[in-house]
Amino acid sequence: MKVFKCKICQEGYLGDAPPTHCPFCGAHQQYMIEAEEFELPIYTLTDVSRQNLEEALDLELGNAEFYFCAAAMADNVADATMFKRLAKVESEHASTIVKELKKQSPDISRDRDMCSNMNRDNLMESNQRETNAIVHYTRFLGEATEERIKEIFTSIIEIEKDHLSLTDGRF
Ligand SMILES: [Fe+2]
Ligand SMILES: [Fe+2]
């Protein structure tokens, strides 16, 4: 057994081989490195990226709240499982962002009025939310000059594209 660490969310993973996707933030395997090779990135955040990370944080918190609600409203076990996992992945993205902003994690509400009571509507809204996140993060990536911020947005765009594929053609 070995110790791996995700370069994006900085969570650890114990296993014989790196997972295909980080179990916490969904980062692809190339970001899962042996923990002893991990180095904390040192850099200064620009005002533009600070603003963009704040906007990304709001997006992730809103998506996490939506997914916790959608999990509670799902009409089948597969979608309930998917939505709950998506809620936790988006929550991990919010944690990743607050680490870069060096601030406290805001609470994520478990309000039942953050989504529709119809599963099909929530599948559609998931698709719209992931598309919206990809559009915003692509702009934020283009505006970033810091290597660390480019790495985060590059990885999170890949993850949100994975999420988008889960609901494509399902509504
Ligand atoms: Fe991760
Ligand atoms: Fe997502």
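This briefing walks you through the fold of one protein chain, from its overall layout down to a few single residues. The model is predicted. Its secondary structure comes to four helices and three strands, and along the sequence these follow the pattern β-β-β-α-α-α-α. The chain is divided into two parts, domain 1 (2-37) and domain 2 (47-167).

**Overall shape**

- The radius of gyration of the chain is 16 Å, close to the 16 Å that the globule rule gives for 171 residues, so the chain is as compact as a globular protein of that length.
- If you drew a box along the principal axes, the C-alpha atoms would fill roughly 45 × 40 × 30 Å.
- Of the 171 residues in the chain, 35% are buried.
- Take the contacts with a separation of 6 or more: residues 24 or more positions apart account for 62% of them.

**How the two domains meet**

- The centres of domain 1 and domain 2, taken over C-alpha atoms, are separated by 20 Å.
- Eight residues from domain 1 and 10 residues from domain 2 take part in the contact.
- On the side of domain 1 that touches domain 2, six residues are nonpolar and two are polar, with no charged ones.

**The strands**

- Start with strand S1 (residues 2-6), which runs antiparallel to strand S2 (residues 12-15) and is joined to it by four bridges.
- S1 and S2 form a hairpin, with five residues between the two strands.
- In the turn of that hairpin, look for Gln10, which has a positive phi of about 70°.
- S1 also pairs with strand S3 (residues 32-34): three bridges join them, and again the two run antiparallel.
- Phe4 is a handy residue to find here, with Tyr13 as its bridge partner in S2 and Glu34 as its bridge partner in S3.

**A closer look at Glu158**

- Glu158 is found in helix H4, which covers residues 147-167.
- Is Glu158 buried or partly exposed? It has 18 C-beta neighbours inside 10 Å, and a residue needs 20 or more to be buried, so Glu158 counts as partly exposed.
- Along the chain, Glu158 and His28 are 130 residues apart, yet their C-alpha atoms are separated by 7.9 Å.
- To place these two residues in the layout, recall that domain 1 spans 2-37 and domain 2 spans 47-167.

Methods:
Residues numbered from 1 in each chain as written. Chains lettered and ligands numbered in written order. Predicted model: local features only at pLDDT ≥ 70, side-chain atom pairs only at ≥ 80, totals over all residues. Pairing = 2+ DSSP bridges. Buried ≥ 20, exposed ≤ 12 C-beta atoms within 10 Å, placed from the backbone. Domains from an automatic or database assignment. Contact = placed C-beta atoms within 7 Å. Nonpolar A, V, L, I, M, F, W, Y, C, P; charged D, E, K, R; others polar. Rg over C-alpha atoms; globule rule 2.2 N^0.38 Å.
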